[in-house]
Amino acid sequence: MKKYTVCIVMIIALASQSLSAQIKTVKGKEISAQEIDTFIKNQMDSLQIPALSIAIIKDNKIVYSKAAGTKNTQQEPVENNTIFEAASMTKPMFAYTVLQLVKKNVLSLDTPLYTYYPYPDIAYDDRYKLITARMVLDHTTGFPNWRENNKLAIHFTPGTKFDYSGEGYEYLALVIEHITGKKIDALMQQYTFKPLSIKNSYLTYNEYVGQHLADGIKGEHDRGKNDPYLQPHVPYSLYTEPTEYAKFVIELIKESHKPNSIFQSMATSQIEIHEEDMDPKVKMNMGLGIFIEKTPYGLKYFHGGSNGNCYNSLFQFYKDSKVGFVYFMAGCRQGDFAKKIDQFMLNGK
């Protein structure tokens with residue numbers, strides 16, 4: 001990993017941008033772009049992160065952005081327009097699109113999905129007739145994350161408990177395509193990307209993505225991309241960059257203070273999450289396409305992502321302080337970096 005260090009040190013000094021708005025932590029402490037630069041450099045060095053791109057948000061604006069590290073084994077620098085795989089951060093954008101269709105009465109959150117579109121992959125189990133769009137978006141379908149041996153199964157009565165599932169999202173996308181007669185990527189462009197002026201963001205691989213996509217990490221720190229996503233997959237196939245995804249997060253922050261907004265529906269708690277490996281002190285709920293945590297500093301909303309080859313990502317924001325961030329990385333120690341950046345944006349250290 002030492003071969004990345006010199007490049008990161010050189011690139012990190014050139015690739016950051018502090019905008020005109022003031023940078024503050026959740027607790028209200030002012031921090032400088034230089035302090036954030038130093039923090040990021042230290043984390044990239046200690047956590048062996050060869051590629052990182054981040055945008056920090058305060059009061060509905062991007063107040064800082066940085067692209068740091070190298071895109072590939074050719075040591076090309078990560079730039080502001082470098083594309084990453086957003087992985088499961090595709091899901092909140094899909095949920096936002098779905099809830100707009102619900103608002104237009106295209107479908108209902110609580111109508112069993114089989115009445116719109118019977119699903120042959122799971123038709124052998126009548127319990128699937130209980131599954132609704134709400135259960136998909138809050139991960140209570142009973143589906144596993146992904147099927148095994150090409151067979152989809154239901155592990156518990158739908159609607160009774162939380163179990164994270166990409167399969168549910170795939171089913172709901174099929175339902176929506178059937179109802180509307182449109183491809184899901186076109187619908188997300190229509191209802192989410194275009195209204196929010198989100199550019200350079202795609203659910204399928206194309207020439208632009210190929211030219212700008214950073215390599216991930218495979219094996220012993222070798223660099224390499226995943227196979228291209230030639231069909232849209234709403235659980236994981238979004239290609240984007242943080243300053244563009246930040247436009248979506250900024251809209252969510254704005255809507256978090258607007259009654260009856262789409263995000264107010266997303267942010268309504270559906271079920272408490274109790275996982276075996278969770279800190280019992282953490283109070284976490286699932287909304288519709290977004291996680292909700294009750295903290296001493298108010299509600300925190302977030303969603304992460306992780307695809308193969310260590311494409312890792314996270315966005316979060318605190319509702320009361322309107323402080324948030326979006327990052328994408330090629331780096332395998334996602335959990336460590338997520339904790340460090342959360343603490344830094346709370347305390348400034």
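At what angle do the axes of helix 3 and helix 6 cross, and within what distance do they come? Hi everyone, let's start there, keeping in mind that this is a predicted model.

Helix 3 covers residues 90-103 and helix 6 covers residues 184-193; their axes come within 9 Å and cross at roughly 80°. That makes helix 3 roughly perpendicular to helix 6, because angles from 65 to 115 degrees count that way. So who touches whom? From helix 3 we have T90, M93, F94, Y96, T97, Q100 and L101, and they meet I184, L187, M188, Y191, T192 and F193 of helix 6. Sorted by class, this contact holds nine nonpolar and four polar residues, with no charged ones.

Now let's zoom out. The chain has ten helices and 13 strands, and its C-alpha trace spans about 60 × 40 × 40 Å along the principal axes. For 349 residues, a compact globule would have a radius of gyration near 20 Å, and the chain has 20 Å, so the two agree.

Last stop, for those of you who like pockets. The largest one holds about 1,300 Å³ of space. Its lining counts 39 residues, and M284, E293, F302, L314 and A338 lie nearest the centre. Which elements supply at least two residues each to that lining? They are strand 9 (283-286), strand 10 (291-295), strand 11 (298-307), strand 12 (311-318) and helix 10 (334-347). Helix 10 gives the most, with seven residues. As for chemistry, the lining of this pocket divides into 17 nonpolar, eleven polar and eleven charged residues, whereas the contact of helix 3 with helix 6 has no charged residues.

Thanks for listening, everyone!

Notes
Residues are numbered from 1 along each chain as its sequence is written. This is a predicted model: local features need pLDDT of at least 70, side-chain atom pairs count only at pLDDT 80 or more; totals for chains, interfaces and linings use all residues. Side-chain values use heavy atoms; hydrogens and water are left out. Axes are lines fitted to C-alpha atoms, for helices over the stretch in contact, and angles run from 0 to 180 degrees between N-to-C directions. Helices (H or I, at least four residues) and strands (E, at least two) are DSSP runs, numbered from the N terminus. Angles under 35 degrees count as roughly parallel, over 145 as roughly antiparallel, 65 to 115 as roughly perpendicular and the rest as oblique. Contact means heavy atoms within 4.5 Å. Ala, Val, Leu, Ile, Met, Phe, Trp, Tyr, Cys and Pro count as nonpolar, Asp, Glu, Lys and Arg as charged, and the others, Gly among them, as polar. On a 1 Å grid over the protein atoms alone, a cavity is a set of points where a 1.4 Å probe fits but cannot get out, and a pocket is an open set with protein on both sides within 12 Å along at least five of seven lines; lining residues have an atom within 4 Å of a point. Grid points are joined across faces, edges and corners, and a volume is the space filled by probe spheres set on the points. The radius of gyration is taken over C-alpha atoms; the globule rule is 2.2 Å times the number of residues to the power 0.38.
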